[in-house]
Amino acid sequence: MSKTGRPGGAGFAAGLNERQAQAVAAIEGPVLIIAGAGSGKTRVITCRAAAMLEQGIPQSAILALTFTNKAAREMETRVKELTSRKLQNLTTSTFHAFGVKILREEIAALGYRKNFSIYDEADRAELIRQILRELGREGAADPRALGQVFSQVKTGCLAWGDGADPSFEAVYEEYQESLKVFNALDFDDLLAKPIALFESRPDILDKYRRRFRYIMVDEFQDTSAVQYRLMRLLADRNVCVVGDDDQSIYSWRGANYENIQRFERDFPGALEIKLEQNYRSTATILEAANGVIAHNTKRKEKTLWSGGAGGKPISLYTFPGEGEEAAFIALEIKKRRLEEGRSYDDFGVLIRTNSLIRHLEEALLAENIPHKISGGTSFFQRTEIKDVLSYLRVAANTDDDVNLLRIINTPRRGIGKTTIAAVSERAKEGNLPLWEAMRSLRYARDALFPEMPGDGCGGIDEFMTLIERWRENLLGKRGLSQKVRALVDEIDYWGYLVSEYRKDEQKARWKFSNIGSLIQSIGVWERDPDNLDPTLYPYLNRISLLSRDDADDGADKGKVNVMTIHASKGLEFPVVFIAGAEDGIIPHARSLEEGEANIEEERRLFYVAITRARDKLVITSCARRRRQQSALDQTPSPFLAEIPAHLVEYGEARNEEPMSAERCFALMKQRFQGR
DNA sequence: GTTCCGTTTTTTTTT
DNA sequence: AAAACGGAAC
């Protein structure tokens, strides 16, 4: 982690331990690396990639698959640093992004057009809601939950009549058909379609197999059966997978750590390497983590050990409510930054659920602490952002009904329920996307739409003209961000916000400023010299797969990191706070409802959280917490009792808080005067 | 027909 | 607390 980019010779391999070096050297043939938390896994993978390049393997032959965008980006930059090369042909991406890459090239073979839209979970739920309504089965199921069922069917985890209620099969068929008509794919399709493509077109598969002769898969314990299949199709024999069954935290998404056994079966004679030496955390933190994870019964036996001894005790605090908890964390960060000479990005605040982010954000804001939040109501999920992006999506693919419906009357242009119903009727008859139906309305209004209200018709014409004009403009080569700004101006989104939130101008202003940040981030993206094609399609691709990630990463240095435990995987921080360590949150109540066995996954989650810490771990919980409207009494997480007692120190939060505030002020003053 | 306003429901984790 | 829905006003 500390030794990077020493050019010349095998400099990048210096300081590897014996097993790590063995993993780096094993380039030919299948390799399975079982890597405990903090065992230098990322370093091994990046060194391995660098070693390949050094041996003269062309970058285009290497495919490195990871689980999150963050991990993919991290790997790419590290390999670049190690080799001091530009590496524009090296493929490091998530499985989903890789699927998109293939489909943008090859999807015509499956009868779709290249400009397909990608539907996220919200889009999917919206489409399902429409279909339920059309089929007269509104309220028969929660569209979001049904979407999850569809996903499980698509990935082969459930079958109709076997776990999935067969009465919804017709809805599913309709859903699939609609996606096709809209030229849209959902997230599962991003993996399923490449597989379908490869299985039906051996010639295309062969092209990619010949290209990607060296494949690496990170976070292998989190790959799903579908992802495994995709990898299996592409892989010849030079495959290296890296995983840790103790960090498997995505089983709810079909992740299957049995893939590790499947790999051993499918690639006989694979070299197996276990990395058990931890370079990240103090002995105290490690012992705590081991103590917790030992309570799991189903796991590969392995013990992390570290060279050093001791370390600061793990601090536990309990607060009356979430406000106090958040305020404490904010002040504690301030204090430790000054006293221990740390920078803000040395701190990570981890939580189980996104809903807990809110209070933390407020407290950090109140204390003026720069911070970066990944997750939460992610930036790209905000209504105003989705509205603007829907305009871009529709411009890119006019057949995208879900996004079209989102904006057809936003801002209001007199297109209401009745008008939309009339057009939908026509679209359904002809099995057409709405856009085509509207087009026919323009040319044959009287014959086809006798019941169409006059102003609705005018609104549609206005809308179509707007989109057509902007479509050409937005697809052009330069200046995407300026064009988006002009579009937002032309539709007078600001006026719309003011009228929508007339009681709350603050809010309107806040929302509009979010659009400003969006436009700014587009600008940053298009000016990036590494970005070879700064046009609309690649932008939308990127954005669709980035929904949960942060908009810009350039300005992230020097900020406190707030994120879910899931999002923190693969990262490390000198100081880690785990907030909301309460029963019902860290073993999440919803998760246990689904089955008592989920306690093991929840424990792994807690284990992942602990092992993010390098130096100091602080765990906080509340006695009362507002859930929905009423406050509920909370008890601390049962996992806390699994941490060996001698490693723990109970903080006196009440006394410390006001004191540290003053102290902090004094220290700040000192620092200020010092400059 | 469209818009406005007050009521209800909801939140586990991510590509 | 924010979005989605249903009924009343325009």
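Contact here means heavy atoms within 4.5 Å. With that in hand, a good place to start is M438, which touches L404, I408, V423, I460, F463 and M464, leaving aside residues up to four places away in sequence. The model is a predicted one, in which local features need pLDDT of at least 70 and side-chain atom pairs count only at pLDDT 80 or more, while totals for chains, interfaces and linings use all residues. Residues are numbered from 1 along each chain as its sequence is written, chains are lettered from A and ligands numbered from 1 in the order in which they are written, and side-chain values use heavy atoms, with hydrogens and water left out.

M438 belongs to the largest nonpolar core, a set of 47 residues. A nonpolar core is made of buried Ala, Val, Leu, Ile, Met, Phe, Trp, Tyr and Cys residues joined through side-chain atoms within 4.5 Å; buried means under 20% relative accessible area, exposed over 50%, and partly exposed in between, with a 1.4 Å probe and protein chains only. Together with M438, the members that touch the most others are L392, F463, L474, V484, L518 and Y539. Another core, of 42 residues, lies apart from this one and includes L32, L103, F198 and F267.

Stepping back to the whole of chain A, there are 28 helices and 19 strands. These elements are DSSP runs numbered from the N terminus, helices being H or I runs of at least four residues and strands E runs of at least two. Of the 675 residues in chain A, 55% are buried. Among contacts between residues at least 6 apart in sequence, 77% join residues at least 24 apart.

Helix α13 (residues 322–340) deserves a closer look. Its expected span is 1.5 Å times one less than its number of residues, so its 19 residues should span 27 Å, in agreement with the 26 Å between its end C-alpha atoms. Because 14 of the 19 residues are buried, α13 is largely enclosed by the rest of the structure. Just after α13, G341 takes a positive phi of about 65 degrees.

Some backbone details also invite attention. Most residues other than glycine have a negative phi, and most peptide bonds are trans. N368, in the loop between α14 (357–366) and β13 (371–374), has a positive phi near 60 degrees and is exposed, with a relative accessible area of 66%. D492, in the loop between α21 (480–490) and α22 (493–500), has a positive phi near 50 degrees and is partly exposed at 42%. A cis peptide bond, with omega of about -5 degrees, joins T410 and P411, and P411 sits in the loop between α16 (401–407) and α17.

Helix α17 leads on to the DNA. A residue is near a strand if one of its heavy atoms lies within 4 Å of it. Of the 30 residues around DNA strand B, R352, N354, T418, T419 and E594 come nearest. At least two residues of this surface come from each of α17 (417–430) and α26 (589–594). By class, the surface has five nonpolar residues, 16 polar and nine charged; Ala, Val, Leu, Ile, Met, Phe, Trp, Tyr, Cys and Pro count as nonpolar, Asp, Glu, Lys and Arg as charged, and the others, Gly among them, as polar.

On the DNA side, 60% of the strand B atoms within 4 Å of the protein belong to sugar or phosphate, and the rest to bases. Side-chain N or O atoms lie 2.6 Å from a phosphate oxygen in the case of N354 and 2.8 Å in the case of T418. For G416, a backbone N or O atom is 2.9 Å from a phosphate oxygen of DNA strand B.

How values were computed
Polar contact = N/O pair within 3.5 Å; in protein donor to acceptor, adjacent residues only side chain to side chain.
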